[in-house]
Structures are given as C-alpha cells and as structure tokens.
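Trainee: I have a new model open and would like to learn how its descriptions are reached. Could we go through it together?
Mentor: Gladly, let's have it on screen.

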Amino acid sequence: MTYEQVKKDFLSGRIKGCKSFFKHNNYVLEAAYCCIILDQFEEAKELFTKVAGENIRAHWGLLLLQMLTGEISRPPTYFEVRNFLEIDLNIFILYCRGDFVEKIIRYADYLAFYNPECYKFIGRVFWANNLMPAAMFFLRKAKDKLYNDPELHYLLAYIYYYNDNDIEKCQRALSTCLEILPNYAPAVKLFDKILTL
C-alpha cells in the first residue's frame, strides 16, 4: 500500500486500515482525521497537538475538535476557514456524520466573523452533496453578507438554471454577477447558453 492509495481510500469513505497505515508511517495529520471519524477525539487532539506548531491544518484540526465538543477557546484565522472548512464538512458528509456537520454549522456566524465567505463555503458543500434546502439557506445568507461576490451570484445562477430550471432567476443572478465583474468567464458562458435557447 502507498500513501496515495490509502489517502484515496480515506477520501472515498473507505476508512478500514487507514488509521493504522497513517500512524505506522508517521502521517500524523491524516491519522488524526481518522481518529475524528472514529470518535477518538482525545487521540486526535494528541496527534494534532504534536504537529500544530508547524502545520496550519493541524492548528485548524484543534479548533475543529473544539467545535465538535462545544468548547471553543480560540478563534480561527481567515485562511483556516477558507482552506479547510469546506473540505472537512465534505468529509463528514461522505462518512454520514451529520452530527458533526450540525455541530460545526452551529458556529457559522462565529466563523463568518473571521471569514465572511463562510456561508458560501457551507452552502457550496451542501449544494455539492445535493442537500438543496440547506444549500440555499446558506447561499442566501451569504448573499446578505457579501452581495458583491460575483462567484456567489454565478453559483446561484447555476443552481437556478440546472437544478430549478428557472431561466428568469438565472438571468437576474447572472446580470448581477456581470455587473460586479463584467468578464467573469463562467457567467458569460452561461449567459450565452441561455441566449441561444
């Protein structure tokens, strides 16, 4: 077994054997994530703490554990939320850990204080996993917080077009997107597609 094979297994929802491989080969961060999935929070904390000084993902991992246990003692950084929140929520959805997802999104307003794009990240995860009511809840919240985000309006347009088949709402969202950023390529492409209907 190679690291890439085991990592692929873990990211595909096949955790069996992953933790022991990662621990045995000193992949501390990966082993800690296995521990979280397996509800072994104390061991995960020990592993994250071991490398938190040199690894920003481990530093985030400690905060992740705090959110899961409801005992937050430090704020996240802007980049921790940007780089890891979406990925980790996706992992928990993959492993059917809705309990973890629920605990983390309870902190959405807290996380958004440090990175206002937080709502968009959460909405995008739910959208990617076809959990549309939750996706739209967070994407609308993102729109209220960061109206001038062209990517957000494009994502809404995409959903209106492909998920809802609502051309009118799609056009409005695309128009807003292109008012903010006139040459936003994905929006221009979708707009052209609609015009040829």
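**Reasoning from values to words**

Mentor: This is a predicted model. At the start of helix 11, a side-chain oxygen of Asp-149 comes to within 3.0 Å of the backbone nitrogen of Glu-151.

Trainee: What makes the approach of Asp-149 to Glu-151 a polar contact?
Mentor: The cut-off for a pair of N or O atoms is 3.5 Å, and this oxygen and nitrogen lie within 3.0 Å. The pair therefore falls inside that limit.

Trainee: How do you know that the span of helix 11 is close to what is expected?
Mentor: Helix 11 covers residues 150-163, and its 14 residues reach 19 Å from the first C-alpha to the last. At 1.5 Å a residue, 20 Å is expected, so the two values are close.

Trainee: Why is helix 11 called largely enclosed?
Mentor: Because 10 of its 14 residues are buried, and buried means under 20% relative accessible area. Among them are Pro-150, His-153, Leu-156 and Tyr-160.

Trainee: Which helices help to cover those buried residues of helix 11?
Mentor: The cover includes helix 9 (118-128), helix 10 (132-145), helix 12 (167-180) and helix 13 (185-195).

Trainee: Now to another pair. Why is helix 3 called roughly parallel to helix 5?
Mentor: The axes of helix 3 (residues 28-37) and helix 5 (residues 56-69) come within 11 Å and cross at roughly 10°. Angles under 35 degrees count as roughly parallel, so helix 3 earns that description relative to helix 5.

Trainee: Which residues meet there, helix 3 with helix 5?
Mentor: From helix 3, Leu-29, Tyr-33 and Ile-36 take part, and they meet residues of helix 5 including Arg-57, Trp-60 and Leu-64. The residues of this contact divide into 8 nonpolar, no polar and 1 charged.

Trainee: What makes the phi of Asp-39 worth a remark?
Mentor: Most residues other than glycine have a negative phi. Asp-39 has a positive value, near 65°, and sits in the loop between helix 3 and helix 4 (41-51).

Trainee: Why is Asp-39 called partly exposed, while Asn-130 is called exposed?
Mentor: Asp-39 has a relative accessible area of 45%, which lies between the 20% and 50% cut-offs, so partly exposed fits. Asn-130 has 57%, and exposed means over 50%.

Trainee: Where is Asn-130, and what is its phi?
Mentor: Asn-130 lies in the loop between helix 9 and helix 10, and its phi is positive, near 55°. Just after helix 11, Asn-165 takes a positive phi too, of about 55°.

Terms used:
Residues numbered from 1 in each chain as written. Predicted model: local features only at pLDDT ≥ 70, side-chain atom pairs only at ≥ 80, totals over all residues. Heavy atoms only, no water. Helix = DSSP H or I, 4+ residues; strand = E, 2+ residues; numbered from the N terminus. Buried < 20%, exposed > 50% of the residue type's maximum accessible area, 1.4 Å probe, protein only. Contact = heavy atoms within 4.5 Å. Polar contact = N/O pair within 3.5 Å; in protein donor to acceptor, adjacent residues only side chain to side chain. Axes fitted to C-alpha atoms, helices over the stretch in contact; angles between N-to-C directions. Parallel < 35°, antiparallel > 145°, perpendicular 65-115°, else oblique. Nonpolar A, V, L, I, M, F, W, Y, C, P; charged D, E, K, R; others polar.
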